[in-house]
Amino acid sequence: MLKSLKLKMIFMICLVLLLSLGSVFLVSYSESSDLLKNSLNKEAMLSAENLASSINDFMESEIAKLDAVGKFLTGNKDEDLAIIKKAQEQHPEFETFFFSHDLTGKNVINFLGEVTDVSDRVHYQEAGKGEGKIVVSDPVLSKRTGNNIVTMILPLMKDGKQYGYMGSTLPINEVQQKVSDLTFGDSGFAFLLSAAGTIMWHPNEELGLEQNVSDLDNAEISNAFEKVKTGETGYFDYVMDGNQYTAAHATSNLNWGVFVTAPTKELHAPINELTITLTLISAAALVLSILAASWLTATVLKPIRQLNEAVKDVAAGDLTKTIKVDGKDEIAVLSSDFNQTVSHLKHLVEGVNSSSSEVMKVTGVVASGVETAKDSVDRIGSSIKQIAEGANAHASSSNEIATSMSDMASGIVKIAETSSMVSEAAQEAASHAETGSVVVEQAVKQIGSIGEGTEKVGSAIERLNERSMQIEEILNFITEITSRIRLLSLNASIEAARAGEHGRGFAVVAEEVKKLAGQSESSTDQIAQLITEIRQDTLNAVEVMDVSRQDVREGVALIEDVREKFANILQATRNVADHILEVSAASEEMSAGSEQVTASVEELKSIANLTSNDAKNVAEAAEEQVATIQQISGSVSQLESVVSELRKELAKFKL
């Protein structure tokens, strides 16, 4: 155990500081770790989503090019072959344009006019179902160019039914480049999986297109890929080749899985640096605190030691010691109080010494008067005993009457007090009921205003829905005009081809008209999609407003019911308060009367008791006085001896 006050103070200061630093260290580490982890997860998620969005934009752009070519196909083999040949020339980024006027997959014609049977391929079988949807295949290695390619197949529609399809093979080098360019942290990277789990790109070249996510033999990545197939985004941790990784995943419009990952140790490096920094700061603060505590305790204990030495001198009888007071702190105040105490003690000893001399003189005079007083007291005592016997009988009767009246008065007072409290409670309840009634009335008005506002909002949304339908009719008209312009462009191209050299200028004009028609149709499609979304949101808003109207009506009905019940409570509370006031008034009148009677009886009882007690007291006092006089006589002798001893003790103090 620590015996020194200095060591105790240093230990306590260091303990408090150590606990404070430890708490700050733990809280800072925990908060920083959680904040960094959440930030990294969000950054990885944002990178994955941005990469997926970039891939979506690229693929949608390429699909839009195919769709623009497909809209010119007429169903005539020779004309369609000429169109896709021209498309191949204009879009060299595509490897092979093709089309088919049936869904069997056995008569697919490429831009060279070659007929191929591809009915055994999965993506052509999917396109041949006639569902009118776009099909994108898993990536494969092109035997002709050596590029990684995907096949994009678009439906050919007539009278609302699919009669064939067209498409092209597209190298995904640009997509792979986008994935390879993405970095996360210092050594983080991204990789891409197809809808079937094929590894489309990975920085590890051994994981080529022939590998699948199942070949990675990693449960965490497989689980994440299952979420990708359902369109979910998220983040997860996994272990690969003995290293811990943090990753996030997102889904493209083609259900391709985009993954962004980096080593967890690398991402958490700032936390380790923060831990070292906090540890060094805590150690430095602890050392400085020990030095400061040592200096502080030495400064505080110095005047305490001086005070201790002075106390020892005073305990030995030296009342001349004082302490020099510096400052205004608690120790300075204690030193000042010590000096004042020694001063008071010095004056007290001097006074006692003086008083002891006077006591010795007085004791002689007191001894001579004691005998005379003793004879007088004996004669007074015999007379007082006779008076005390008569007063006892009178006091006994008065006491019984006073007790009965006191009990009755107490009961009446309790009735009056209870009635008063009940009356106050009833009045307070009535006040609260009136306040509640006013609040309910305000609530009724407010809900009514809400109902009117809801009706107005519903009417506005219905008008918005009508305007959306009118805009859709206008867009249909624009779409029809665009189709006619494209048809005119095609006819113009055909006529220009027939005219040969003389129709070349006309062919240029027809080509520009076709481009303008394609741009107009694309814009019209986007506007139509926005209008459809607005109409759907408007219909949802109308349904919500209908539910809100019903809720407001029900709320008004309930508030009206509450208002009626508050009115009934208020009326009943007022009736109770009136009756209780009447009872309280009657109880107070009874209490006032009983108090007057009780006061009279108490006065008689008091007089009798005083008479009896005085007589007894006088008799007893006379007897006690005799005994006291005898004691005084003996005490005078003892006092003389005590004063002698006191003077001997006072002689020990140094004044």
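Is Lys71 buried, partly exposed or exposed? In this predicted model, Lys71 has a relative accessibility of 34% and therefore counts as partly exposed, since that class lies between the 20% limit for buried and the 50% limit for exposed.

**First stop: the salt bridges**

With Lys71 still selected, add Asp67, whose side chain meets that of Lys71 in a salt bridge with an N to O distance of 3.7 Å. Asp67 also counts as partly exposed, at 32% relative accessibility. The structure holds seven salt bridges, and the next selection to make is Glu126, Lys129, Glu131 and Lys133, which are linked in a network of such contacts. Within this group, the side chains of Lys129 and Glu126 meet at 3.1 Å, N to O, while the closest N and O atoms of Lys133 and Glu131 are 3.2 Å apart. Glu126 is partly exposed, with a relative accessible area of 25%, and Lys133 counts as partly exposed at 36% relative accessibility.

**Second stop: strand E7 and its partners**

Select residues 161–171, which form strand E7; nine of its eleven residues are buried, so the strand is largely enclosed by the rest of the structure. Now bring in E6, which pairs with E7 in the antiparallel sense over ten bridges, and then E1, which also runs antiparallel to E7 and is joined to it by five bridges. Gly167 of E7 is a useful residue to centre on, as it is the bridge partner of Ile153 and also of Phe98. Following E6 towards E7 leads to their hairpin, which has two residues between the strands, and where Asp159 takes a positive phi near 55°.

**Third stop: the second largest pocket**

Turn next to the second largest pocket, which has a volume of about 650 Å³. Of the 24 residues that line this pocket, those to select for its centre are Thr96, Arg121, Tyr124, Ile149 and Thr169, the closest to that point. The elements that each give two or more residues to the lining are strands E1 (96–100), E2 (108–110), E5 (140–141) and E6 (148–158), together with helix H3 (122–127). The largest share, three residues, comes from E2. Colouring the lining by residue class would show ten nonpolar, eight polar and six charged residues.

**Last stop: helix H4**

Finally, select residues 173–181, helix H4, and highlight Val175, Gln176 and Val179, which are buried. These three cover an arc of only 95° around the axis, which puts them on the same side of H4. An α-helix has 3.6 residues a turn, so residues three or four places apart point the same way.

Technical notes
Residues are numbered from 1 along each chain as its sequence is written. This is a predicted model: local features need pLDDT of at least 70, side-chain atom pairs count only at pLDDT 80 or more; totals for chains, interfaces and linings use all residues. Side-chain values use heavy atoms; hydrogens and water are left out. On a 1 Å grid over the protein atoms alone, a cavity is a set of points where a 1.4 Å probe fits but cannot get out, and a pocket is an open set with protein on both sides within 12 Å along at least five of seven lines; lining residues have an atom within 4 Å of a point. Grid points are joined across faces, edges and corners, and a volume is the space filled by probe spheres set on the points. Helices (H or I, at least four residues) and strands (E, at least two) are DSSP runs, numbered from the N terminus. Ala, Val, Leu, Ile, Met, Phe, Trp, Tyr, Cys and Pro count as nonpolar, Asp, Glu, Lys and Arg as charged, and the others, Gly among them, as polar. Buried means under 20% relative accessible area, exposed over 50%, partly exposed in between (1.4 Å probe, protein chains only). The arc is that of the directions from the helix axis to the C-beta atoms. Two strands pair if DSSP finds at least two bridges between them. A salt bridge is a side-chain nitrogen of Lys or Arg within 4 Å of a carboxyl oxygen of Asp or Glu.
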